[in-house]
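Subject: Structure handover

Hi,

Here is the structure I promised to pass on. Please open it alongside this note, and my findings follow below.

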Amino acid sequence: MHQTTITFPQIGLSTRDAHKLRGYFGNLFKERSPLLHNHLEGGNGFRQQYPLVQYKVIDGVPMLVGFQEGAKLLMELFLEMKEIWIDGLLLPVHQKNIQCKEQIVGYMPTDMAYQFKTLWMPLNQRNYPQWRDGNEEERNALLQRLLVNQTVASLRGVDRGPTPEQRLACKLRVEGRKTNFKNQKMQAFKGSFTINAQLPDYFAIGKSVSRGFGTIIRK
């Protein structure tokens, strides 16, 4: 799998600013590709597939990560990234780094360990009541099922989904956290997990991954 990662190490932002990066670059290059903002061409609705360009702030460092076609697109745009506007403030780009890799991604016969670098948001309106009303064992079983399903969905989004014979299973250790999302309090989680799949650093799982949520690294 192709992966391109662009970082701006001299620009410090907070984790919650990831969606502002998405808004800035998505608008700046909106005529270049819908992959940058996940809207369909002509602005008629949203692209429903796994986001192939994702915006993150990891340990204070702004980051754009592209997979497959998104990786190629970021390579093409790298030299044009000369400044960033956030909340009306101009942030000149004096230093930027790009890393392009071919990643081995997908099902593995053995477990691998990962840590969430940003909050994971697995729940939606349909399954939140089930989590809210469940006991500890039921909650954990639900979250493990969601993690597996969302990992499979993410892998399929980059054309690396497991076959029917390659069943994924995970062990999860997370703590609940509340986060503000579109002016609403949302249930999210921090922590780590193991799963029998190889996933690259800065891959993302769950809801709103284009805005930086659910970003993982290998432990």
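Phe25 counts as buried because its relative accessibility is 0%, and the cut-off for buried is under 20%. Keep in mind that this is a predicted model. Tyr24 has 14% relative accessibility, so Tyr24 counts as buried too.

Aromatic rings

The structure holds 12 aromatic pairs. Tyr24 and Phe25 make up one of them, in an edge-to-face arrangement. Their ring centres are 5.0 Å apart, with 70 degrees between the planes. Phe116 and Trp120 form a stacked pair. Here the centres are 5.3 Å apart and the planes differ by 10 degrees. Both Phe116 and Trp120 are buried.

Which aromatic cluster do Phe116 and Trp120 belong to? They join Tyr114, Tyr128, Trp131, Phe189 and Phe193 in one aromatic cluster.

Charges over rings

Trp131, a member of that cluster, has a charge over its ring. The charged end of Arg139 sits there, 3.8 Å from the ring centre. Lys96 lies over the face of Phe78. In that case the distance to the ring centre is 4.7 Å.

Strand pairing

Strand E7 covers residues 106–116. It runs antiparallel to strand E9, residues 184–198, and six bridges join the two. At one position, Ala113 has Thr194 in E9 as its bridge partner. E7 also runs antiparallel to strand E10, residues 216–218, with three bridges between them. Gln115 stands opposite Ile217 in E10.

The second largest pocket

How much space lies in the second largest pocket? About 360 Å³. The lining has 14 residues. Closest to the pocket centre are Arg16, His19, Thr179, Asn180 and Phe213. By class, the lining has four nonpolar, seven polar and three charged residues.

Which elements each supply at least two residues of that lining? Helix H1 (18–28) and strand E8 (170–181) do. E8 gives the most, with three residues.

Where to look

For the rings, go to the cluster that includes Phe116, Trp120 and Trp131, then to Arg139 over the ring of Trp131. For the strands, follow E7 to its antiparallel partners E9 and E10. For the pocket, begin at Arg16 and His19, which are among the residues closest to its centre.

Best wishes

Definitions and conventions. Residues are numbered from 1 along each chain as its sequence is written. This is a predicted model: local features need pLDDT of at least 70, side-chain atom pairs count only at pLDDT 80 or more; totals for chains, interfaces and linings use all residues. Side-chain values use heavy atoms; hydrogens and water are left out. Rings of Phe, Tyr and Trp (its six-membered ring) pair if their centres lie within 6.5 Å; planes under 30 degrees apart count as stacked, over 60 as edge-to-face and the rest as tilted. Buried means under 20% relative accessible area, exposed over 50%, partly exposed in between (1.4 Å probe, protein chains only). A charge sits over a ring if NZ of Lys or CZ of Arg is within 6 Å of the ring centre and within 35 degrees of the ring normal. On a 1 Å grid over the protein atoms alone, a cavity is a set of points where a 1.4 Å probe fits but cannot get out, and a pocket is an open set with protein on both sides within 12 Å along at least five of seven lines; lining residues have an atom within 4 Å of a point. Grid points are joined across faces, edges and corners, and a volume is the space filled by probe spheres set on the points. Helices (H or I, at least four residues) and strands (E, at least two) are DSSP runs, numbered from the N terminus. Ala, Val, Leu, Ile, Met, Phe, Trp, Tyr, Cys and Pro count as nonpolar, Asp, Glu, Lys and Arg as charged, and the others, Gly among them, as polar. Two strands pair if DSSP finds at least two bridges between them.
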